[in-house]
Amino acid sequence: MSKRTMPRLLQSPAVVLLLVWMLIPLGMTLFFSFIRYVLNSLRRPEWTTPSIENWRGFGNYDFVLGNKDFLLAVQNSLLIVCSILFLTVILGVLIAVLINKAFPGRGIVRVLLISPFFVMPAVNAVLWINMILDPVLGLQGIAVDGINALIRDLQNLPVLGAFFGLWPELSPISFRATQTSAYAVIIMVTWQWTPFAVLIFMTSLQSEDQQQKEAAILDGAGAWSQFRFLTLPHLGRPIAIVVMIQAIFHLSLYAEIEIVSRGNGNKNLPYLIGEFANNNIGAASATGIFAVILANIVAIFLLRMIGKTLME
Amino acid sequence: MGRIVLENVTKSFGDAEVIPPLDLTIEDGEFAVFVGPSGCGKSTLLRLIAGLEETTSGRILIDGEDVTEVSPSKRGLAMVFQTYALYPHMSVRKNIAFPLRMAKMEQGEIDAAVDRAASILNLGDYLEKRPGQLSGGQRQRVAIGRAIVRQPTAFLFDEPLSNLDAALRVGMRLEISELHERLKTTMIYVTHDQVEAMTMANKIVVLRAGHIEQVGSPLELYRTPRNLFVAGFIGSPTMNFITGEEAAKHGAQTIGIRPEHIAVSASEGTWTGKVGVAEHLGSDTFFYVHDTGLAETLTVRATGEVSFRNGDTIHMTPREDLLHRFDAAGERMA
Ligand SMILES: Nc1ncnc2c1ncn2[C@@H]1O[C@H](COP(=O)(O)OP(=O)(O)O)[C@@H](O)[C@H]1O
Ligand SMILES: [Mg+2]
């Protein structure tokens, strides 16, 4: 046995396991996406077993592309993912920079800030949609009622009343509607994932070189210039990490969509796959392949963008 | 112009007083070196001048103007840090241009200034590289380049060479000295290395625990150290100190004699001892002599080729006119 063989042999189980782990699901998805394969068919019982005989070529892809929900789902996926990324990165950087300064009670504030991350996604969605965003029973409804009551009171004031009379009565927004359910998802996931971004940015800020800051101060850089030219580039890599990890997670959001609107006007790709998979495994698999392609495009595009804008 | 005056400046961190009341004047165009052991407050003093630390009390004046409350960027000083503190995400060109860009200078002027600085410091080939791709010496040059483009009223250096290897250190020492000759701008240079202080300074400020022990030109400090601390700190190898009977003969508590001010002979001399280690440097030889009855070890320097071996008896004669006498408090006696 040569010197190299032994280590290779010892590595091989792990490598094989990883390959199997990745390749088998991907291979099966690919295979299913090219055949007719349904769970139930009285008319064509032969389609209920996956077999090469049922080869359909790009038929499943055609079918998915022609589906009225598909484009909407792609758009929605992108809208949800990109909005969440944008919000969490901006909020994350802001909060991390704010709590990086020493102040009394910083430890407790940090723990509290991290805690949303430990709430289960489904619980998070239920809490937000029922207790906070609900137009009648949630905080939103109560707040809107309160503000309206306040405005009504102000309208009864002697002189200023006329001015407040110009104010419209607010009406609460229903976040379960077709047009708004995506925003509900964006809000709740942003709330849950901002702590993740804060956590990563915070650790990175602690390793920032203080002498560089002092050099910049002497060079005449104000607070904004220090942030723009030192802190932000320093955060470039952590931002890329946060974006990558979140892109992967949020492209496969499911629980939130299901709980907010049952996909009503608010499907993303995973939800569409789920709907197809009720019967048409072939179409579900083809959609899955589209999702993989979309994920790669998003990842490459986002990383390029971050690299370009942050690294001078 | 760049005349820097400290009046009664003090600095405390919490309860710890790092700089007790201190007065110091650095004249325009001077190369002043703050030297002292680690932790004696050299960096703190420099940072007070730069404005990176606030004074606890006292005033700092630059060219007669009170800058104690003036922000660091408005003091017109440039600083070079021990760790270089280059901006890692910017190219060398952008690093050097940064202070000018912050000053909202026009791009054309910036480019010209950067090119001028780069040619002074031989950085032309590296302008498009990132700091991470440069060696220690090159990074230090970039840091100096970033300082000179601003044409500051004074340069502040905080141990700029201590991260470099010995050979590079000597080279950079020369370059900084030449830069001073060329620009004639005030420079304040902090180091714990007395060799750097001696070779570069017009004016050395010896610090101990935040106190100024002595201020003077290198030769003044070498010839007439004001106390035992300065005598022991300046000069390499360090001065020999002898106490007891031999010192009493000279009417002092301690006498000091530099290794180079002792003549050696195989046959006769005032003092005798046994040669321990001999260090042959070619031009000079240093002998560490034991069993003299004067001090644990006496260091003597002999020039040329001298052949004493380990264990040989050696006779030594100090030059009486170059003997330093110190009283019980460690102060120099007239
Ligand atoms: N930010 C600070 N907080 C508390 N103590 C400090 C601080 N900076 C320096 N010191 C103390 O001041 C003394 C002088 O430090 P420094 O000026 O860095 O010494 P040097 O540069 O001469 O080695 C040291 O005892 C150090 O511990
Ligand atoms: Mg220091």
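Here are some questions and answers about a predicted model with chains A and B.

Me: Let's start inside the protein. Which helix gives the largest share of the largest nonpolar core?
Reply: That core has 53 residues, and Ile80(A), Val93(A), Met188(A), Phe201(A) and Ile239(A) touch the most other members. In soluble globular proteins, nonpolar side chains tend to gather together in buried places. Here the largest share, 11 residues, comes from residues 181-206 of chain A, which is helix H8.

Me: What does Phe201(A) contact, leaving aside its neighbours within four places in sequence?
Reply: Phe201(A) is among the core residues that touch the most other members. Leaving those sequence neighbours aside, its contacts are Val89(A), Gly92(A), Val93(A), Ala96(A), Leu235(A), Pro238(A), Ile239(A) and Val242(A).

Me: How many residues are in the other core, the one with Tyr84(B)?
Reply: This core lies apart from the largest one, and its members include Val33(B), Tyr84(B), Leu179(B) and Phe233(B). Its count is 45 residues.

Me: Now to the place where the chains meet. What area is buried between chain A and chain B?
Reply: Chain A brings 17 residues to the contact and chain B brings 24 residues. Carbon and sulfur atoms give 59% of the buried area. The total is about 1,900 Å².

Me: Which residue of chain A meets Arg150(B) in a salt bridge?
Reply: Three salt bridges are found across the interface of chain A and chain B. In the one with Arg150(B), the N to O distance is 3.7 Å. A salt bridge needs these atoms within 4 Å, so this pair qualifies. The partner is Asp219(A).

Me: Which helix supplies the largest share of the side of chain A that touches chain B?
Reply: Across the interface there are seven residue pairs in polar contact, with both residues at pLDDT 80 or more. On the chain A side, helix H9 (210-218) and helix H10 (223-234) each supply at least two residues. The largest share, seven residues, comes from H9(A).

Me: How many residues on that side of chain A are nonpolar?
Reply: The residues on the side of chain A that touches chain B fall into three groups. Five are polar and three are charged. The nonpolar ones number nine.

Me: Which elements of chain B help to cover the buried residues of H9(A)?
Reply: The buried residues of H9(A) are Gln212(A), Lys213(A), Glu214(A), Ala215(A), Ala216(A) and Leu218(A). Their cover includes H10 of chain A. From chain B it includes helix H1 (42-50), strand S6 (77-80), helix H2 (92-102) and helix H4 (136-148).

Me: Which residue with a positive phi follows H9(A)?
Reply: Both ends of this helix are worth a look. At the start of H9(A), a side-chain oxygen of Asp209(A) reaches to within 2.7 Å of the backbone nitrogen of Gln211(A). After the helix comes a residue whose phi is near 95 degrees, Gly220(A).

Me: Is Lys42(B), which forms a salt bridge with Glu159(B), buried or exposed?
Reply: The two side chains meet at 3.9 Å, N to O. The pair links distant parts of the chain, 117 residues apart: Lys42(B) is in helix H1 of chain B, and Glu159(B) is in the loop between strand S7 (154-158) and helix H5 (166-183) of chain B. Glu159(B) has a relative accessible area of 9%, so it counts as buried. Lys42(B) has 3%, so it is also buried.

Me: Is Lys249(B), the salt-bridge partner of Glu246(B), buried or exposed?
Reply: The closest N and O atoms of this pair are 3.1 Å apart. Both residues lie in helix H9 (residues 245-249) of chain B, three residues apart, about one turn of the helix. Glu246(B) is buried, with a relative accessible area of 11%. Lys249(B) has 63%, so it is exposed.

Me: Is Ser33(A) buried or exposed?
Reply: Ser33(A) lies in helix H1 (residues 5-33) of chain A. Not counting residues up to four places away in sequence, Ser33(A) touches Gly57(A), Asn60(A), Tyr61(A), Gly282(A), Ser285(A), Ala286(A) and Ile289(A). Its relative accessibility is 0%, so Ser33(A) counts as buried.

Technical notes. Residues are numbered from 1 along each chain as its sequence is written. Chains are lettered from A and ligands numbered from 1 in the order in which they are written. This is a predicted model: local features need pLDDT of at least 70, side-chain atom pairs count only at pLDDT 80 or more; totals for chains, interfaces and linings use all residues. Side-chain values use heavy atoms; hydrogens and water are left out. A nonpolar core is a set of buried Ala, Val, Leu, Ile, Met, Phe, Trp, Tyr and Cys residues joined through side-chain atoms within 4.5 Å. Buried means under 20% relative accessible area, exposed over 50%, partly exposed in between (1.4 Å probe, protein chains only). Helices (H or I, at least four residues) and strands (E, at least two) are DSSP runs, numbered from the N terminus. Contact means heavy atoms within 4.5 Å. Buried area is the accessible area (1.4 Å probe) that two parts lose on being put together, summed over both. A polar contact is a pair of N or O atoms within 3.5 Å; within protein, one must be able to donate a hydrogen and the other to accept it, and residues adjacent in sequence count only if both atoms are side-chain atoms. Ala, Val, Leu, Ile, Met, Phe, Trp, Tyr, Cys and Pro count as nonpolar, Asp, Glu, Lys and Arg as charged, and the others, Gly among them, as polar.
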